Amino acid sequence: PEAEFVASLSKPEVTLQIRIPNDPTQMAWNFYGQILSLTMNVMSTIKQVKADLSRIHLNGMPVNKIQLKDPNAGFYNNNNATLAALNIGPTATLEMLPKSRGGRRA
């Protein structure tokens, strides 16, 4: 549970490592393949993480276009879930992916 996870931490904040894709067609959003550090309160929601990532590092990329993925656990689709509820701790490395538009594939 969330409360137990928070209690297990030495302080209520985590520094996330977020891997940004390298995409030459998306240079306006700073997609250079870099790994960014973002320090957040452990009670922050996924949506807040995306908003800070957008504001600080991605030139204001629309939050609804950002997906966060844990290489081991899959996508975090619930924007209202907290980092604590998802057990995302101080050593977490996440991948940032742009949401792609739906549609049929040829």
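How many salt bridges does a search of the whole structure find? The search finds two, a salt bridge being a side-chain nitrogen of Lys or Arg within 4 Å of a carboxyl oxygen of Asp or Glu. Both are described below, after the sheet and its core.

This is a predicted model, in which local features need pLDDT of at least 70 and side-chain atom pairs count only at pLDDT 80 or more, while totals for chains, interfaces and linings use all residues. Residues are numbered from 1 along each chain as its sequence is written, and side-chain values use heavy atoms, with hydrogens and water left out.

The description begins with the sheet. Five strands form an open sheet in the order β2-β1-β5-β3-β4, with mixed pairing. Its edges are β2 and β4 (74-76), each of which has a single partner strand, so one side of each lacks a neighbour in the sheet. On average, neighbouring strands of this sheet are turned by 40° against each other, direction ignored. Strands (E, at least two residues) and helices (H or I, at least four) are DSSP runs, numbered from the N terminus; two strands pair if DSSP finds at least two bridges between them. Axes are lines fitted to C-alpha atoms, for helices over the stretch in contact, and angles run from 0 to 180 degrees between N-to-C directions.

Strands of a sheet pair through backbone hydrogen bonds, either parallel or antiparallel. Strand β1 (residues 13-19) takes part in both kinds of pairing: β1 runs antiparallel to β2, joined by seven bridges, and parallel to β5 (residues 93-98) over three bridges. On the β2 side, Thr15 stands opposite Thr39, and Gln17 has Ser37 as its bridge partner. On the β5 side, Ile18 is partnered by Leu94 and Arg19 by Glu95.

In a regular strand the side chains alternate between the two faces of the sheet. The covered face of β1 carries Val14, Leu16 and Ile18, whereas Glu13, Thr15, Gln17 and Arg19 lie on the uncovered one. In β2, Leu36, Leu38 and Met40 make up the covered face, and Ile35, Ser37, Thr39 and Asn41 the uncovered one.

Helix α2 lies across β1, β2, β3 (66-70), β4 and β5, and runs at about 130° to β2. The largest nonpolar core (a set of buried Ala, Val, Leu, Ile, Met, Phe, Trp, Tyr and Cys residues joined through side-chain atoms within 4.5 Å) has 25 residues, and those with the most contacts inside it are Leu16, Ile18, Leu53, Leu68, Leu83 and Met96. Two or more residues of this core come from each of β1, β2, α2, β3 and β5.

Contact here means heavy atoms within 4.5 Å. Not counting residues up to four places away in sequence, Leu83 touches ten residues' worth of surroundings that include Phe5, Val14, Leu16, Met40, Val49 and Ile88. Met40, found in strand β2, is buried because its relative accessible area is 6%; buried means under 20%, exposed over 50% and partly exposed in between, with a 1.4 Å probe and protein chains only. With the same sequence neighbours left out, the contacts of Met40 include Val14, Leu16, Val49, Asp52 and Leu83.

Two further residues belong to helix α2 or to the loop that precedes it. Ser54 is found in helix α2 (residues 46-57) and counts as buried at 4% relative accessibility. Leaving aside neighbours within four places in sequence, Ser54 is in contact with Asn59, Gly60, Met61, Val63 and Ile66. Thr45 has its place in the loop between β2 (35-41) and α2 and is buried, with a relative accessible area of 18%. Beyond its neighbours within four places in sequence, Thr45 is in contact with Asn79, Asn80, Ala81 and Thr82.

The salt bridges remain. Side chains of opposite charge can pair when their charged atoms come close. Arg55 and Asp52 meet in one salt bridge, at 3.0 Å from N to O; they are three residues apart in helix α2, which means that about one helical turn separates them. Arg55 is exposed, with a relative accessible area of 59%. Lys11 forms a salt bridge with Glu13, the closest N and O atoms being 4.0 Å apart, and Glu13 is partly exposed, at 38% relative accessible area.
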